[in-house]
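Me: Please take one part of this model and look at it closely. I would like to know what surrounds it and how it fits into the rest of the fold.

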Amino acid sequence: MRVLVTGASAPLGLALIDHLLREPAVEHVLAVGLESRPPPELVDSARVTYCGVDLTPARAVHDLLFGPVRVQGIDTIVHGALHRNARDVGHRIHATNVEITRRLLLGCERHP
């Protein structure tokens, strides 16, 4: 299994990746977070590739799916890129919580 994890630099994303790496069936994890540099917890693993990407622009989701996801042969997606405070509102929060998910789903429909 080759897994894409969005929201990889958040505490939940890091815990999920740690758990995935303990599973022998997981060959590789493509970790995507907002930060340009990978969190220190991810640097030492040869089974992890980190991409610092802001997924709110539509083009960024497309480029991720048809770039690194395709190159790495990803077959599973765990989407965890959500705004950290459920009570916040606004355009940017909506883009993070709703639009990224929508774009990922639509992109996966077209993905080989």
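**Strand 2 and its surroundings**

Reply: Strand 2 is covered on both faces: His28, Leu30 and Val32 on one side, and Val29, Ala31 and Gly33 on the other, are all buried (under 20% relative accessible area with a 1.4 Å probe, protein chains only; exposed is over 50%, partly exposed in between). With 6 of its 6 residues buried, strand 2 is largely enclosed by the rest of the structure. The model is predicted: local features need pLDDT of at least 70, side-chain atom pairs count only at pLDDT 80 or more, and totals for chains, interfaces and linings use all residues. Residues are numbered from 1 along each chain as its sequence is written, and side-chain values use heavy atoms, without hydrogens and water.

The setting is a protein with 4 helices and 4 strands (DSSP runs numbered from the N terminus: helices H or I of at least four residues, strands E of at least two). From the N terminus, its elements follow the order β-α-β-α-β-α-β-α. The 4 strands make an open sheet, ordered 3-2-1-4, with parallel pairing (two strands pair if DSSP finds at least two bridges between them). At the edges are strand 3 (48-52) and strand 4 (76-79), each of which pairs on one side only. From one strand to the next, the twist averages 15° (angles run from 0 to 180 degrees between N-to-C directions; axes are lines fitted to C-alpha atoms, for helices over the stretch in contact).

Strand 2 has a partner on either side in that order. Toward strand 1, the link is parallel and consists of 5 bridges, and valine 5 stands opposite alanine 31 of strand 2. Toward strand 3, strand 2 (residues 28-33) again pairs in the parallel sense over 5 bridges. There, leucine 30 faces threonine 49 of strand 3.

Two helices pack against the sheet. Helix 1 (residues 11-21) lies across strand 1 (2-6), strand 2, strand 3 and strand 4, and its direction is at about 170° to that of strand 1. Helix 3 (residues 58-72) also packs on the sheet and touches strand 1, strand 2, strand 3 and strand 4, at about 155° to the direction of strand 2.

The buried residues of helix 1 are Gly13, Leu14, Ile17 and Leu20. They sit on the same side of helix 1 because the arc they cover around the axis is only 125° (the arc is that of the directions from the helix axis to the C-beta atoms). These buried residues pack against strand 1, strand 2, helix 2 (40-43) and strand 3. On the face of helix 1 turned away from its buried side are the exposed residues Pro11 and Leu12.

Within strand 2, valine 29 shows these neighbours residue by residue. Valine 29 is buried at a relative accessible area of 0%. Apart from residues up to four places away in sequence, valine 29 touches Val3, Val5, Ile17, Leu20, Leu21, Arg47, Val48 and Thr49 (contact means heavy atoms within 4.5 Å). Two of these, Ile17 and Leu20, are among the buried residues of helix 1. Valine 29 and threonine 76 lie 47 residues apart in sequence, and 9.5 Å separates their C-alpha atoms.

The start of the chain also reaches this region. Methionine 1 belongs to the segment before strand 1 and is partly exposed, at a relative accessible area of 36%. Beyond four places in sequence, its contacts are Ala25, Val26, Glu27, His28, Asp75 and Thr76; of these, His28 is one of the buried residues of strand 2.

For helix 3, leucine 65 serves as an example. Leucine 65 is buried, with a relative accessible area of 1%. Outside four places in sequence, leucine 65 is in contact with Arg70, Ile77, Arg103, Leu104, Gly107, Cys108 and His111. From leucine 65 to leucine 4 the C-alpha distance is 9.7 Å, across 61 residues of sequence.

For the protein as a whole, 38% of the 112 residues are buried. Of the contacts between residues at least 6 apart in sequence, 59% join residues at least 24 apart.
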